[in-house]
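User: Could you walk me through this model and explain the terms as we go?

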Amino acid sequence: MSTEQPGLFAGLEPEPESSALPEAVEFTPAIVTEPFLAGVDLPSSFPEVSDHQQLTEIALKCDRCHLRATCKQVVFADGPPTSRIMFIGEGPGKDEDIQGRPFVGRAGQLLDKILVSASFKREEVYITNVVKCRPPENRLPNPNEVSLCRNYLEAQIRIIRPAIIVCLGSLASQVVIDPKARITKIRGQWLQRQGTKIIATFHPAALLRNEGYKRPTWEDFKKIRDEYQRL
Ligand code: SF4
């Protein structure tokens with residue numbers, strides 16, 4: 001498989017490939033006696049549902065929070081539930097709300113390019129968001145909305161049990177890794193929970209705003225690619 005930097009990251013100095021996982025540790029089997037996401041109430045995270053299609057159908061009818069009143073549709077996920085890698089963003093934007101698929105707008109198109117650059121096929125990865133309904137005016141989801149919707153994310157992780165989770169941006173990092181996480185501090189570092197390896201990197205939308213994030217994002221995606229190829 002080619003390790004050349006593609007056009008998306010052209011202009012960045014080539015770096016020696018690192019095959020080492022910084023926190024290489026023995027990965028233990030999944031333990032599901034406690035929630036994957038800190039603070040989630042297990043009885044609220046659909047413990048009776050073990051089928052992805054069933055969970056999707058429940059979510060598509062959801063009106064647990066008022067985001068559903070202003071969006072066009074619930075945008076649950078994209079990609080096969082058998083995928084070994086899950087990317088988690090923030091929430092649907094205008095294009096996603098219209099099309100019913102996550103990451104299809106400008107940021108999504110950039111994510112597609114990054115995935116290709118890192119030797120992934122979009123159709124082999126599972127992509128979702130912290131909240132499944134578009135917040136009005138693309139604002140950040142508020143804590144109440146996140147608290148309600150993360151039950152779906154908890155169930156997705158339990159059902160899919162990905163080997164790797166990639167948090168795209170601050171909100172996903174705060175929901176999955178640590179409520180106080182700052183993306184500039186924690187990105188690019190592996191950690192492990194319940195047998196799943198977790199890493200955070202910048203949200204593609206941040207790259208559209210700040211060219212300086214291209215280099216660290218590419219470094220992160222090389223780590224993700226290398227770890228995925230070791231699975
Ligand atoms: S954002 Fe989540 S909790 Fe709120 S209505 Fe949509 S699916 Fe339900």
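User: How do the residues of the shell around the ligand divide, and what makes one nonpolar, polar or charged?

Analyst: Ala, Val, Leu, Ile, Met, Phe, Trp, Tyr, Cys and Pro count as nonpolar, Asp, Glu, Lys and Arg as charged, and the others, Gly among them, as polar. By that split, the shell around the ligand holds nine nonpolar, no polar and five charged residues. This is a predicted model, where local features need pLDDT of at least 70, side-chain atom pairs count only at pLDDT 80 or more, and totals for chains, interfaces and linings use all residues. Numbering runs from 1 along each chain as its sequence is written.

User: What makes a residue count as near the ligand, and which are the closest?

Analyst: Its C-beta atom, placed from the backbone, must lie within 6 Å of the ligand. In total 14 residues surround the ligand, the closest being Cys62, Cys65, Arg68, Cys133 and Cys149. Helices H2 (67–70) and H5 (143–160) are the elements giving two or more residues to this shell, and H5 gives the most, with three. Here a helix is a DSSP run of H or I, at least four residues, numbered from the N terminus.

User: Why is the largest set of 52 residues called a nonpolar core?

Analyst: Because a nonpolar core is a set of buried Ala, Val, Leu, Ile, Met, Phe, Trp, Tyr and Cys residues joined through C-beta atoms within 7 Å. Buried means 20 or more other C-beta atoms within 10 Å of the residue's own. Ile88, Val130, Val166, Cys167, Ala172 and Val176 have the most contacts inside this core, and H5 gives the most residues to the core, six.

Technical notes
A residue is buried if 20 or more other C-beta atoms lie within 10 Å of its own, exposed if 12 or fewer, and partly exposed in between; C-beta atoms are placed from the backbone.
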